[in-house]
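Biologist: I would like to take a close look at one part of this model, and then to see what surrounds it in the rest of the chain. Please go slowly, as I am new to reading structures.

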Amino acid sequence: GGSAQLDHDRAYCGSQYLHFSVPKDGLGALTLQANARPNAGYRIVFDYLNSKVTLNPAVREQAPITRVIFRDDDGQSVTPTSKYSWDGAKALDGQDRWQQMVHVFTTPDKTTNLSFTIFFMHPGEYWVDEVRIDPL
């Protein structure tokens, strides 16, 4: 399996970052949760660096891929799977340099919470730093 660790020697902003090592046929993922308001715009922003990435031909050529699931007070999704919000960046673009990913979305009715996942679906090394959610 892969690994994830919190470290400090390659931080882009601040003093720490999360480092993922994804093996062949592996997957890396980070899920965060936040309170949210219904029918409101948000922007999730984070810095990332991909290195030594090789494409897995079984999945789309994106890494990171981001997904937002809109949830109610009970933690249940308020939309079908097809209405989750997705975004992504090309896995091989800009390797070995810090980049910024921005995922913009509007929450549907009944949303009080959201789950935000960053997926790494190709073998390689990934660094994530300075994850934040901003209301629009």
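Which residues form a nonpolar patch on the surface, and about how much accessible area do they have together?

Modeller: Before I answer, please keep in mind that this is a predicted model. The nonpolar patch on the surface is formed by Val 102, Val 104 and Leu 136, and together these residues have about 270 Å² of accessible area. To be counted in such a patch, a residue needs over 30% relative accessible area and must not take part in a salt bridge. One of the patch residues, Val 104, belongs to strand S7, which covers residues 99–106.

Strand S7 is a good place to start moving outwards, and Gln 99 also lies in this strand. Gln 99 is buried, because its relative accessible area is 15% and the limit for that word is under 20%. A polar atom of the Gln 99 side chain lies 3.1 Å from the backbone oxygen of Asp 93. In the loop between S6 and S7 you will find Asp 96, whose relative accessibility of 49% makes it partly exposed. The backbone of Asp 96 deserves a second look, since this residue has a positive phi of about 65° although it is not a glycine. Most residues other than glycine have a negative phi, and most peptide bonds are trans. Asp 25 is also not a glycine and has a positive phi, of about 60°. Asp 25 sits in the loop between S2 and S3, and with a relative accessible area of 66% it is exposed.

The salt bridges come next, and a search of the whole structure finds two of them. In one, the side chains of Asp 134 and Arg 43 meet, with N and O 3.2 Å apart. Asp 134 lies in strand S9 (residues 124–135) and Arg 43 in strand S4 (residues 41–51), so this pair ties together parts of the chain that are 91 residues apart in sequence. Asp 134 is buried, at a relative accessible area of 17%, whereas Arg 43 is partly exposed, at 30%. Asp 134 also forms a salt bridge with Arg 132, where the closest N and O atoms are 3.2 Å apart. Arg 132 counts as partly exposed, with 35% relative accessibility. Through these shared partners, Arg 43, Arg 132 and Asp 134 are joined into one network.

From there we can turn to a sheet, in which four strands follow the order S3-S8-S5-S6, with antiparallel pairing, to make an open sheet. Strands S3 (28–35) and S6 (85–90) stand at its edges, each with a single partner strand, so one side of each is left without a neighbour in the sheet. On average, neighbouring strands of this sheet are turned by 15° against each other, direction ignored. As a general point, strands of a sheet pair through backbone hydrogen bonds, either parallel or antiparallel.

Strand S8 (residues 113–120) is worth following from partner to partner. S8 runs antiparallel to S3, and eight bridges join them. Along this pairing, Ala 29 stands opposite Phe 119, and Leu 30 stands opposite Ile 118. S8 also pairs in the antiparallel sense with strand S5 (residues 62–71), over seven bridges, and here Val 68 faces Phe 116 as its opposite residue in S8. Seven of the eight residues of S8 are buried, so this strand is largely enclosed by the rest of the structure.

Strand S5 holds one further detail, namely Pro 64, which has its place in that strand. The peptide bond that joins Ala 63 and Pro 64 is cis, with omega at about 5°.

Finally, look at the loop between strand S1 (3–7) and strand S2 (17–22), where Gly 14 has its place. Gly 14 is exposed, with a relative accessible area of 70%. Although Gly 14 and Asp 129 are 115 residues apart in sequence, their C-alpha atoms are 8.2 Å apart in space.

To return to your question, the patch itself consists of Val 102, Val 104 and Leu 136, and Val 104 is the residue to find when you trace strand S7.

Technical notes
Residues are numbered from 1 along each chain as its sequence is written. This is a predicted model: local features need pLDDT of at least 70, side-chain atom pairs count only at pLDDT 80 or more; totals for chains, interfaces and linings use all residues. Side-chain values use heavy atoms; hydrogens and water are left out. A salt bridge is a side-chain nitrogen of Lys or Arg within 4 Å of a carboxyl oxygen of Asp or Glu. Helices (H or I, at least four residues) and strands (E, at least two) are DSSP runs, numbered from the N terminus. Buried means under 20% relative accessible area, exposed over 50%, partly exposed in between (1.4 Å probe, protein chains only). Two strands pair if DSSP finds at least two bridges between them. Axes are lines fitted to C-alpha atoms, for helices over the stretch in contact, and angles run from 0 to 180 degrees between N-to-C directions. Patches are made of residues with over 30% relative accessible area and no salt bridge: like charges are joined within 9 Å, nonpolar side chains (Val, Leu, Ile, Met, Phe, Trp, Tyr) within 5 Å. Accessible areas come from the Shrake-Rupley method with a 1.4 Å probe; for residues, only the protein chains shown count as cover. A polar contact is a pair of N or O atoms within 3.5 Å; within protein, one must be able to donate a hydrogen and the other to accept it, and residues adjacent in sequence count only if both atoms are side-chain atoms.
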